[in-house]
Every structure is written in C-alpha cells, then in structure tokens.
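Work through the exercises below with the sequence and the coordinates at hand. Each task is followed by a solution in steps.

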Amino acid sequence: MEVLIKLLVLDLCCIYGINGASYKIDNSVGYGRTFDGIGAISGGGATSKLLINYPTEQRSQILDYLFKPNFGASLQIFKVEIGGDIQSTDGTEASHMHNSWDENYNRGYEWWMMKEAKKRNPDIKLYGLPWGFPGFLKDAYDRPWGNIQSTADYIVKWVNGAHVYHNLTMDYIGIWNESPYNITYIKTLRKSLDNAGFGKTMIIASDQNGWHIAGDMDKDAELKDAIFGLGSHYPGTYSTQTAFTLNKPLWASEDWGCPDELTGPGCLARTLNQNYVNGYMTSTIIWNIISSYYYGLPWYNSGIMTASEPWSGHYIVPQNIWVTAHTTQFTSIGWKYLKHGYGVGKLNEGGSYVVLISPDEQDLTIIIETLSHDSSICTRPPLAPYNVVAGQTATFKLAGILKQRFTSLNTWYSKIGYYKFPSVSFENRGPSTLFSDIKSPVYD
C-alpha cells in the first residue's frame with residue numbers, strides 16, 4: 001500500500017531555490033507532545049446568534065465549512081459558552097438556571113450548534129466554559145463563590161443536561177473566563193464531576209491571560225491532579241518554564257480574535273504553528289467560530305467565517321478557513337509531534353515548521369509557514385519585529401524508518417493575500433515521488 005506524506009505550505013510568495021539549510025525529520029529519537037486538536041469558540045458572547053436564523057440551505061453550508069471533516073476548517077474541538085445571564089461581549093446567553101429552583105436545558109442555541117457539529121463529525125471534542133454566572137450563585141464581591149458546592153453543582157447540572165436532553169458528552173470544562181480562579185472550587189468541581197459519573201470530563205484551567213495557575217499547581221498536588229491541562233488566552237505563542245515542567249497539556253484555550261482582513265489569516269497561520277514551536281501548546285482554540293452578530297458590535301468580523309445577514313443568506317468564507325485546514329485536514333487528535341530539532345523548529349531564514357505523525361506511523365504531515373512580520377500581526381499581544389528572507393530553500397531530510405516508509409508527497413499550498421500579493425487558498429499541487437529529501441518552497 002502506498003503511503004502518502006502531506007506537505008502543507010503557507011506563505012506570501014513562493015520561490016524555488018538551489019541552496020539552503022537542511023532539517024532532519026527523524027522519529028528514532030522519540031516523539032514530542034501529543035496533538036490535542038484545533039478548535040473554535042461559540043460564545044463570549046452571543047457570537048453565533050444570527051446563524052440559527054439563516055435559511056436552511058445556507059446554514060447547512062456554513063456548518064459544513066466549519067465542522068465537516070476534509071471539507072473546510074474541519075474543526076476538531078468545539079468550545080461553547082455556558083450561558084450565565086450576563087452580557088459577555090456581543091450579547092447575553094441564557095443560563096440553564098436563572099435561579100436555584102429553575103432548570104431548563106433547551107435555552108439558547110449552543111445545544112443545537114453542538115449537535116450540528118457532532119452530526120458532521122462524531123469525533124469532535126466538546127468544551128464548555130462559563131463567561132459569567134447567574135446572581136443566585138454570587139457572593140458580596142460579585143464572584144460565584146457564595147457557596148462553592150452550589151457553583152460546582154450548577155456546572156455539573158449543565159454537563160448532565162447536555163447528556164440527558166441532547167445526548168452530548170462534554171469532554172472538557174473550564175473554570176471562569178478571564179477571571180480569578182478559586183483553588184477550592186477547582187478541587188470541588190473535580191470531585192463533583194467524579195461523583196456524578198463524569199470522571200472522563202476533563203478540567204482545563206484557568207482560561208486566563210497567562211500561566212499563573214502553573215505556580216499553584218506546582219505547589220499543590222491535589223490541584224495538579226484535578227486539572228487535565230493548562231489553558232491560557234492569547235499567549236503570544238509562548239508558555240512558561242513552570243507550566244512546561246508540570247508535564248501537563250498546554251493549550252492556547254482562546255487565541256486569534258483578529259478582525260483585520262489583511263493580517264488576520266497570516267496571524268492565524270503563524271500562530272497555529274508557533275504555538276507549539278515556541279510554547280509546546282498542543283491545542284489552539286480560535287475566538288470566534290463565526291462572526292454571526294450585527295455589524296457595529298464589538299469585535300465584528302473576528303470569526304473564522306462571517307455570517308451576519310440571515311435575511312439574505314449571504315456569508316463569507318475567508319482565507320482563515322483554509323489556513324486552519326492546513327492543519328486540521330491532515331491530522332487527528334492523538335497524533336504526535338516530532339521532537340524539536342528532529343521535525344519541529346524555526347527555519348534559519350525565518351518561518352517555522354512542524355511535523356506530526358499518526359499513532360500507527362503510517363501517515364506524516366509537514367506544515368511550513370514563513371509569514372512576514374507585517375502580514376501576520378495579531379490584534380493581541382504585540383508582535384516583536386523579525387525578518388523572513390526571500391529566496392531560501394528548506395531541505396527536509398527523512399531519516400531512519402521514515403526514509404524507508406514514505407515514498408510519495410502531496411502538497412497543498414496557500415499564499416496569504418497582502419496588499420499587492422493575490423491570494424491562493426489550499427491549492428492541491430498533486431503528488432510527487434520522494435527520495436530521502438524534500439525540498440520545499442520558501443517565503444517572502
């Protein structure tokens with residue numbers, strides 16, 4: 001059986017050269033971390049509000065672009081807001097409990113959207129996070145710690161409601177979006193999930209800007225055991241040494257949020273690669289999944305798609321979709337990154353590359369980007385100056401069993417449109433025979 005290797009290239013301008021640096025691709029030294037998937041967020045808040053009002057045909061097409069495997073963005077994780085009856089950016093999402101005596105698991109549209117995601121991709125992982133909490137749970141300081149057990153029960157009821165009323169299994173639960181975490185609450189939530197039969201629902205913490213919780217986990221074994229993985233928002237592709245040495249999954253649990261049509265796709269392409277190259281982050285979750293809220297509201301056009309006109313059925317499929325596809329269409333959750341220096345790293349003249357391999361070692365994906373500084377500036381955080389040299393050629397040398405096993409190469413290519421450069425999106429440049437080396441295009 002012929003085995004195909006996929007070379008996925010994202011750049012501004014493609015130039016083929018003769019001389020250049022070489023980079024070893026070798027799994028004989030072992031593997032890096034396990035890939036946890038690329039996802040996107042509905043919420044924070046009411047960012048998908050208009051989608052459910054679209055005509056059936058166009059709505060189905062939009063959902064296919066987001067969730068259908070091997071079609072568009074092919075998202076692997078879907079993160080939703082657990083509605084809390086608060087204004088959480090572009091609107092309010094209803095809670096399943098307006099008060100302690102009230103429960104309703106059909107409010108809002110996140111249930112519907114999760115079911116549509118699962119319909120298209122049964123393997124997609126689901127992740128819930130509260131942006132806020134109803135008043136009956138709050139203390140005198142407007143924090144949801146008035147009764148910590150009651151707050152934990154409130155979240156467990158949402159997880160159970162997803163299962164009982166919608167046949168949805170929640171894979172991950174967060175703490176409180178970009179707000180101070182409570183260590184006692186995290187431990188209580190873990191115990192409450194376990195006691196309710198949701199031991200496989202993992203906690204991601206703390207969904208803040210930064211990795212502060214790593215220090216607390218390092219000093220508290222019970223807290224460390226309660227948390228599956230650390231999630232930081234807008235980390236700028238870097239984690240910390242303390243977070244890294246915990247040996248827990250590191251996620252960019254909210255990232256991107258770039259409404260700039262010129263630099264947004266480039267920012268996303270660079271971030272998806274360099275979150276692992278620089279920060280060992282094995283999952284990047286994009287805010288937001290779709291800009292389906294009215295023009296003029298905060299952060300308009302910050303979705304990987306835009307669908308804000310249900311009355312006409314008009315929607316936009318920007319290059320963000322295809323930038324994401326360079327990773328998602330050629331990997332699956334559970335694949336392994338190769339080690340830094342043996343399949344992961346920076347290109348000598350600017351840019352980055354990552355190599356992932358399937359658990360059975362029968363499929364290999366190489367993702368290369370060399371986005372220039374000016375074409376990949378994110379809204380946040382600031383991007384330090386750097387250079388990408390035009391005319392470089394990168395030669396990737398397969399070693400060991402990889403050299404013997406992989407004999408064919410398929411190449412998908414995108415060029416990020418920026419001012420005078422026209423865009424090329426996810427162009428299949430066909431198969432070619434491989435020997436031991438792969439010469440790749442370089443970026444301008």
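**Exercise 1. Place Ile203 in the fold and describe its surroundings.**

Step 1. Ile203 belongs to strand β8, residues 202–208. Helices (H or I, at least four residues) and strands (E, at least two) are DSSP runs, numbered from the N terminus. The model is predicted, so local features need pLDDT of at least 70 and side-chain atom pairs pLDDT 80 or more, while totals for chains, interfaces and linings use all residues. Residues are numbered from 1 along each chain as its sequence is written, and side-chain values use heavy atoms, with hydrogens and water left out.

Step 2. Ile203 has a relative accessible area of 0%, so Ile203 is buried. Buried means under 20% relative accessible area, exposed over 50%, and partly exposed in between (1.4 Å probe, protein chains only).

Step 3. Leaving out residues up to four places away in sequence, Ile203 touches ten residues listed here: Ile173, Ile175, Ile186, Leu189, Arg190, Leu193, Ala226, Ile227, Phe228 and Gly229. Contact means heavy atoms within 4.5 Å.

Step 4. The C-alpha atoms of Ile203 and Asp171 are 8.7 Å apart, with the two positions 32 residues apart in sequence numbering.

**Exercise 2. Classify the packing of α3 against α4.**

Step 1. Helix α3 (residues 148–166) and helix α4 (residues 183–195) have axes 9 Å apart, at an angle of about 45 degrees. Axes are lines fitted to C-alpha atoms, for helices over the stretch in contact, and angles run from 0 to 180 degrees between N-to-C directions.

Step 2. The angle makes α3 oblique to α4. Angles under 35 degrees count as roughly parallel, over 145 as roughly antiparallel, 65 to 115 as roughly perpendicular and the rest as oblique.

Step 3. The crossing of α3 and α4 is right-handed, that is, the near helix is turned clockwise from the far one by less than a right angle, anticlockwise being left-handed.

Step 4. On the α3 side the contact includes Ile148, Ala152, Ile155 and Val159, and on the α4 side it includes Tyr185, Leu189 and Leu193. By class, this contact of α3 with α4 has eight nonpolar, five polar and one charged residues. Ala, Val, Leu, Ile, Met, Phe, Trp, Tyr, Cys and Pro count as nonpolar, Asp, Glu, Lys and Arg as charged, and the others, Gly among them, as polar.

**Exercise 3. Is α9 mostly covered or mostly open, and how does α8 cross it?**

Step 1. α9 is mostly covered, with 10 of its 10 residues buried.

Step 2. The axes of α8 (residues 264–279) and α9 (residues 319–328) come within 9 Å and cross at roughly 15 degrees. α8 is therefore roughly parallel to α9.

Step 3. α8 passes α9 in a right-handed crossing. Among the residues that meet are Leu268 and Leu272 in α8 and Val323 in α9.

**Exercise 4. Characterise the aromatic pair of Trp322 and Phe426.**

Step 1. Trp322 and Phe426 are 5.8 Å apart centre to centre with 25 degrees between the planes, and the pair is stacked. Rings of Phe, Tyr and Trp (its six-membered ring) pair if their centres lie within 6.5 Å; planes under 30 degrees apart count as stacked, over 60 as edge-to-face and the rest as tilted.

Step 2. Trp322 lies in α9 and Phe426 in strand β20 (residues 424–433), so the pair ties together parts 104 residues apart in sequence. Both Trp322 and Phe426 are buried.

Step 3. Trp322 and Phe426 belong to one aromatic cluster with Tyr65, Phe71, Tyr315, Phe330 and Trp412.
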